[in-house]
Amino acid sequence: MRTYDVSVTISKDLAMPPGAPQPVVAPLMKVEEGYPFSIFMLAFVDHCGTHVDAPYHFEADGSKVDELPLDVLIGRARVVELAVERAIERADLERLDLRGVERLLLKTRNSAIVHSKEYKKDSVYLDPGAAELLVERGIKLVGIDYWSVEAYGSQDHRTHHTLLRARVVIVELLDLSQIAPGDYELICLPLKVRGAGGAPARVVLRELPDQR
């Protein structure tokens with residue numbers, strides 16, 4: 001079964017959202033410089049590259065990233081492709097057959113800009129009404145192919161609050177550009193950082209036996 005890496009690489013050149021510090025990936029020792037081993041200094045915010053939002057990201061009493069259950073982060077997931085210009089609205093999701101789906105990954109036109117060297121403020125986002133529908137349908141994890149499920153510049157962060165209050169795990173900045181719509185096995189493993197509201201994650205999708 002084929003395995004797809006849908007994680008965006010963290011590097012010093014990553015196009016971060018405005019106001020966020022650039023990642024630091026700096027060598028302290030390198031074998032090619034005569035040291036017996038290589039060591040790098042790594043420094044970046046917890047929401048960097050492909051990352052997971054735990055409930056605590058917006059909810060004071062929410063679970064921290066190290067408390068997220070693995071049975072939510074690992075399991076069958078559905079990738080759907082939505083041809084929307086800006087907002088994914090409730091009606092867009094009502095047209096989908098989500099029976100039995102617990103993990104939903106949203107592929108949009110964002111997949112064409114996921115590796116852009118400049119941060120794009122007009123990315124597709126999840127409308128609060130659509131977030132409410134996902135909660136109603138029992139979705140436990142939702143992912144999107146850019147930096148945030150929220151509209152850039154949102155003041156009330158209703159989409160995040162709606163999902164995270166319902167303990168829906170959010171995965172952001174997925175690289176779904178090479179992924180066809182369908183069902184896969186999702187393996188999403190954020191760094192186990194105590195007390196944090198999020199963490200970078202290595203995320204992979206594996207083909208299911210019936211997709212070969």
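**View A. Strands S11 and S12 side by side.** In this predicted model, strands S11 and S12 run antiparallel and are joined by 7 bridges. To find one of these contacts yourself, look for tyrosine 184, whose bridge partner in S12 is glutamate 207. If you would like to trace the strands along the chain, S11 covers residues 182-190 and S12 covers residues 198-207.

**View B. Other partners of strand S12.** Strand S1, made of residues 3-5, pairs with S12 in the antiparallel sense over 3 bridges. Here you can spot threonine 3 standing opposite arginine 206 of S12. Strand S4, residues 51-53, also pairs with S12 in the antiparallel sense, over 3 bridges. In that pairing, aspartate 53 stands opposite glycine 198 of S12. As you follow a strand, keep a handy rule in mind: in a regular strand, side chains alternate between the two faces of the sheet.

**View C. How S12 sits in the structure.** How many of the 10 residues of S12 are buried? The count is 8, so S12 is largely enclosed by the rest of the structure.

**View D. The second largest pocket.** This pocket holds about 300 Å³ of space. Its lining is made up of 16 residues, and Val8, Ile10, Pro200, Ala201 and Arg202 lie nearest its centre. Strands S11 and S12 are the elements that give two or more residues to this lining. S12 gives the most, with 3 residues. Sorted by class, the lining of the second largest pocket has 11 nonpolar, 3 polar and 2 charged residues.

**View E. The largest pocket.** Here the volume is about 460 Å³. Of the 22 residues lining the largest pocket, Pro17, His57, Tyr119, Trp147 and Ser148 are the closest to its centre. Its lining includes 10 nonpolar, 9 polar and 3 charged residues.

**View F. Two cysteines without a bond.** Why does cysteine 48 not bond to cysteine 188? The closest cysteine sulfur to that of cysteine 48 is in cysteine 188, and it is 15 Å away, which is too far for a bond. Starting from cysteine 188 gives the matching picture, because its closest cysteine sulfur, in cysteine 48, is 15 Å away. The structure holds 0 disulfides. Are these cysteines buried or exposed? Cysteine 48 is buried, with a relative accessible area of 0%, and cysteine 188 also counts as buried at 0% relative accessibility.

Terms used:
Residues are numbered from 1 along each chain as its sequence is written. This is a predicted model: local features need pLDDT of at least 70, side-chain atom pairs count only at pLDDT 80 or more; totals for chains, interfaces and linings use all residues. Side-chain values use heavy atoms; hydrogens and water are left out. On a 1 Å grid over the protein atoms alone, a cavity is a set of points where a 1.4 Å probe fits but cannot get out, and a pocket is an open set with protein on both sides within 12 Å along at least five of seven lines; lining residues have an atom within 4 Å of a point. Grid points are joined across faces, edges and corners, and a volume is the space filled by probe spheres set on the points. Ala, Val, Leu, Ile, Met, Phe, Trp, Tyr, Cys and Pro count as nonpolar, Asp, Glu, Lys and Arg as charged, and the others, Gly among them, as polar. Helices (H or I, at least four residues) and strands (E, at least two) are DSSP runs, numbered from the N terminus. A disulfide is a pair of cysteine sulfur atoms within 2.5 Å. Buried means under 20% relative accessible area, exposed over 50%, partly exposed in between (1.4 Å probe, protein chains only). Two strands pair if DSSP finds at least two bridges between them.
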